[in-house]
Amino acid sequence: MVSSCVAKPRELFEIGPEDKATGLEPFYEGNMEPWGAVCVGYVKEGSANHKLLQKLGAVTESDAALFELQVPMVAAKGWREEETLEIVRRNYAAKLWDLIQQPPLDSEPLVFPGTGKWKEKDVRQWLLEKAFPTINYRVSGYQGKKQPFPFDKYFGSANSGGVGLVMVKVKDLDDFGPQFRAIRYLRRHAEKLSGQIRFAILEKSESTLEMRKALKVGLDESIEAELVLFSNLQGLGRKVDNHYHGNDKKYRLLNLTERAVNEFFEGYYAGSLPTYWASLDEGKSKREAGQLKSWDFESSVFRAEKGLGVLVAFMNAPEDGCQMCKEGRAVWDAVMHELKLNRKLRKHFQLYWLDQSRDEHPEKLVPGRLAQPMVMYYPPGNEQKRKKRKMLLHKMSGSFYKDSIIEMLEDMMEDQEEQGGDL
C-alpha cells in the first residue's frame, strides 16, 4: 500500500549522567515527530535492563510489529537510583485544552509496571499496547521539518486494533486551529477507546493524496474535516479471501460538532452504524450511464422499486487483470440501451454496472479479481427478499453478448410473469 517505515539501521540513543542538567528536551524535540511517543529508560550503565534496551532499540524488520511501531528509544544512564521505563507522549496544545477547561492531553508518562530485571516479551508487549498518543496530531518536526504520516505505525502490524483517522484541510501544519477544532469533541471517546482504536490526524494535502487514494478515503476536497473509523484493519496488509470488497467495519462521520460526535459514537458502541463503503470517485458527481457507486449500491439495488428485478454487471479495470471488461462494458451499454427501447423489459428490470477497482461494495458472491464481467441478479421484492434470493447468473456471465443477454432477459421476464411477478 503506502509505507512510511524506512528500513534503515536503528539504535538506542544513549545519554550519560553528564547530560542530566540538559535534560531530555533535545531528544524529544528531535524524535517525537511524527510518531507522538518515545520510550525513555532510566538505567545503570551495563545493566541487564540497559542491554535489553540496546537490543530493542536496534530492532530490525525480523520483528515486523516492533519495527513498524517506530518508537524512538533513549537510555538515560545513571540518572535515577531505581531503573524505570517510561513512554512519554507528545504534550501539545496544553493551553488550548486549558481554555476549554480540560486538562492537557497525555501530560503524564506511562510507566512500565515491571521491577528488577525486565522481561523482553513483557516490555515488547507493553510498547505495542501503549506507545501511541491518545490522538496523534500532525506537527512539524525538528527544525520545522514536515515528516510524512506514520502509515505503518497505524495501518501496519504494530497496530492490533483499529484506527480513527481524522482528515482535516489545513494550509500549514503550524496552523493548529483546524486540527484542534476537529478533535476537541472526539477526545472523550478517544480516551474511552484507548488501546482499541488509535486516533490520528491526517492533513488533506497533495503530499497525502497517494495514501488517501490507497485507502479510498478523504478524497472529497470540499469537506473541511471528517472522521473515518476503522474498527479493525481487515484487508490492510491482512490476509483476506478473494471475495473481499472493502472493510465492512468502517464508518464515517462528516459533522464533528459535539452532538454529532456523541451520536456517532453511541451508534458505534451499540453496533448500529452503517458501513462506509469507500470509492475513488468520492466527491465527484459525474458518472457514466448505469454506473453504480459505493455510496448508492444498497439503496439502488437492495431498496429498488419492489416490482423490479435488478441486474448488476461487476467488472474490474483492465489494468487489474480484467482484459475482457473493456469489451464487456460496451456490450452491457448496448444491453442497457436496448432495455430503454423495450417497454416490456424496462417494466421488469433495472440494469447497472460497477467497477470494483474503484468502488467498494457488500456483494460477497462476486470474486474480487475478475477476468470477465460477472452478473448478479436481485429478484423483485423488499430488501430482505433480494438479499436472500440473489443469485449469480453464470450462464449470462459466460455468454456475454448483447443478443444472448437480451434473450435471457426475455426468458426471465416470461418466467417472472408466469410466477406472478416473482422469479
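Several elements cover the buried residues of helix α16 (residues 402-418), including β11, α12, α13 (343-348), β12, β13 and α15 (394-398). Here helices (H or I, at least four residues) and strands (E, at least two) are DSSP runs, numbered from the N terminus. The model is a predicted one, in which local features need pLDDT of at least 70 and side-chain atom pairs count only at pLDDT 80 or more, while totals for chains, interfaces and linings use all residues. Residues are numbered from 1 along each chain as its sequence is written, and side-chain values use heavy atoms, with hydrogens and water left out.

The buried set in α16 is made up of Ser404, Ile405, Ile406, Met408, Leu409, Met412, Met413 and Gln416. Buried means under 20% relative accessible area, against over 50% for exposed and in between for partly exposed (1.4 Å probe, protein chains only). As for length, the 17 residues of α16 should span 24 Å at 1.5 Å a residue, and the end C-alpha atoms are indeed 24 Å apart; the expected span is 1.5 Å times one less than the number of residues.

Now to the sheet itself. Its four strands come in the order β12-β11-β13-β14, giving an open sheet with mixed pairing. The edges belong to β12 (349-355) and β14 (391-392), each with a single partner strand, so one side of each has no neighbour in the sheet. Helix α12 (residues 324-341) packs on this sheet and touches β11, β12 and β13 (374-378), its direction making about 160° with that of β12. Helix α16 lies across β11, β12 and β13 too, at about 135° to β12. Contact means heavy atoms within 4.5 Å; axes are lines fitted to C-alpha atoms, for helices over the stretch in contact, and angles run from 0 to 180 degrees between N-to-C directions. Strand β11 (residues 309-315) runs parallel to β12, joined by seven bridges, and alanine 313 sits opposite tryptophan 353 in β12. Two strands pair if DSSP finds at least two bridges between them.

Elsewhere, five of the five residues of strand β3 (residues 73-77) are buried, so the strand is largely enclosed by the rest of the structure. Met73, Ala75 and Lys77 are buried on one side, Val74 and Ala76 on the other. Parallel to β3 run β1 (residues 13-15), with three bridges, and β2 (residues 37-43), with five. Isoleucine 15 has alanine 76 as its bridge partner in β3, and valine 40 has valine 74.
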